[in-house]
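Here is a short tour of one protein chain, written to be read with the structure open beside it. Please keep the viewer at hand and follow along.

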Amino acid sequence: MLRLKADKVGAHVKFRPEFEIFGDGKVIIGNHVQLFDAFINAVGADVYIEDYVFFGHRAMLITGNHDYTTFGLQRQTAISGKNIRIEEGAWIGSGAIILGGVTIGKHAVIAAGAVVTKDVPAYWVAGGVPAKQIKPIPRRKGTQDG
């Protein structure tokens with residue numbers, strides 16, 4: 001079922017029946033990704049999820065944006081989009097919203113309920129509304145990235 005919705009899906013991807021992809025953009029999902037009940041709105045742009053990314057419940061990726069300076073039917077149909085990239089090993093907390101044009105860096109952590117409007121660097125924790133960088137994630141010696 002997932003392969004019908006996404007353009008490319010890696011090995012060992014986990015998701016729940018509530019998981020949904022909406023829109024005309026490409027959705028590329030890497031290996032060992034846990035999507036659970038995430039919602040991906042890929043209207044007018046693409047979504048790239050790299051290996052070992054995992055999502056908490058009800059996280060959303062929303063590429064599309066409506067033009068607030070238009071009205072009526074035009075506001076509903078004047079949609080533009082910006083790509084979203086979630087890099088290797090990132091953790092997106094439950095209820096987090098990632099908006100178009102954002103890159104979440106390698107092994108970054110997005111706090112539950114955050115609304116991410118700007119890029120988050122690799123190895124950083126970000127949270128809040130709008131999300132801000134909270135603290136760096138230390139790398140441990142002897143690990144793959146240490």
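Which residue in S6 is the bridge partner of Phe 22? The partner is Asn 41. Before going further, please note that this is a predicted model.

**The parallel sheet**

Phe 22 and Asn 41 bring us to an open sheet of five strands with parallel pairing, in the order S3-S6-S9-S14-S17. Its edge strands are S3 (20–22) and S17 (115–116), each of which pairs on one side only. S3 and S6 run parallel and are joined by three bridges. Strands of a sheet pair through backbone hydrogen bonds, either parallel or antiparallel.

Asn 41 itself belongs to strand S6, which covers residues 39–41. Is this asparagine buried or exposed? Asn 41 counts as buried, because its relative accessibility is 14% and the cut-off for buried is under 20%. Setting aside residues up to four places away in sequence, Asn 41 touches Phe 22, Leu 61, Ile 62, Thr 63 and Gly 64.

**The nonpolar core**

In soluble globular proteins, nonpolar side chains tend to be buried together. Here the largest nonpolar core has 33 residues, and the members that touch the most others are Ile 49, Ile 86, Ile 98, Ile 104 and Ile 110. At least two residues of this core come from each of strand S4 (27–29), S7 and S12.

Take Ile 86 as a place to look around. Without its neighbours within four places in sequence, Ile 86 is in contact with Tyr 48, Ile 49, Glu 50, Val 53, Leu 61, Ile 92, Ile 98 and Ile 104.

Now turn to Val 27, which lies in strand S4. Val 27 is buried, with a relative accessible area of 0%. Its contacts, not counting residues up to four places away in sequence, are Ala 6, Asp 7, Lys 8, Ile 21, Ile 40, Ala 42 and Val 47. Between the C-alpha atoms of Val 27 and Ile 49 the separation is 7.9 Å, and the two residues are 22 residues apart along the chain.

**Charged groups**

How many salt bridges does a search of the whole structure find? The search finds two. They are set out below.

| Salt bridge | N to O distance |
|---|---|
| Glu 18 and Arg 16 | 3.1 Å |
| Glu 50 and Arg 85 | 3.5 Å |

Why does the pair of Glu 50 and Arg 85 tie together parts that are 35 residues apart in sequence? Glu 50 lies in the loop between strand S7 (47–49) and strand S8 (54–55), whereas Arg 85 lies in strand S12 (residues 84–86), so the pair links those separate parts of the chain. Glu 50 is partly exposed at 28% relative accessibility, and Arg 85 is partly exposed at 30%. The other salt bridge also has partly exposed members: Glu 18 is at 44% relative accessibility, while Arg 16 has a relative accessible area of 36%.

Arg 85 has a further partner to look at. Its charged end sits over the ring of Tyr 48, 4.5 Å from the ring centre. A similar arrangement involves Arg 139, whose charged end sits over the ring of Tyr 123 at 3.7 Å from its centre.

**Aromatic pairs**

Two aromatic pairs turn up in a search of the whole structure. The rings of Phe 15 and Phe 19 have centres 5.9 Å apart and planes at 55 degrees, so this pair is tilted. Phe 15 is partly exposed at 32% relative accessible area, whereas Phe 19 is buried at 2%.

The rings of Phe 54 and Trp 91 have centres 5.3 Å apart and planes at 20 degrees, so this pair is stacked. Phe 54 lies in strand S8 and Trp 91 in strand S13 (residues 91–92), so the pair ties together parts that are 37 residues apart in sequence. Both residues count as partly exposed: Phe 54 at 31% relative accessibility and Trp 91 at 41%.

**A hairpin to finish**

Strand S18 (residues 124–127) and strand S19 (residues 132–136) pair in the antiparallel sense over four bridges. One of the residue pairs is Trp 124 with its bridge partner Pro 136 in S19. This hairpin has four residues between the strands, and in it Gly 128 takes a positive phi near 105 degrees.

Conventions. Residues are numbered from 1 along each chain as its sequence is written. This is a predicted model: local features need pLDDT of at least 70, side-chain atom pairs count only at pLDDT 80 or more; totals for chains, interfaces and linings use all residues. Side-chain values use heavy atoms; hydrogens and water are left out. A salt bridge is a side-chain nitrogen of Lys or Arg within 4 Å of a carboxyl oxygen of Asp or Glu. Buried means under 20% relative accessible area, exposed over 50%, partly exposed in between (1.4 Å probe, protein chains only). A nonpolar core is a set of buried Ala, Val, Leu, Ile, Met, Phe, Trp, Tyr and Cys residues joined through side-chain atoms within 4.5 Å. Contact means heavy atoms within 4.5 Å. Rings of Phe, Tyr and Trp (its six-membered ring) pair if their centres lie within 6.5 Å; planes under 30 degrees apart count as stacked, over 60 as edge-to-face and the rest as tilted. A charge sits over a ring if NZ of Lys or CZ of Arg is within 6 Å of the ring centre and within 35 degrees of the ring normal. Two strands pair if DSSP finds at least two bridges between them.
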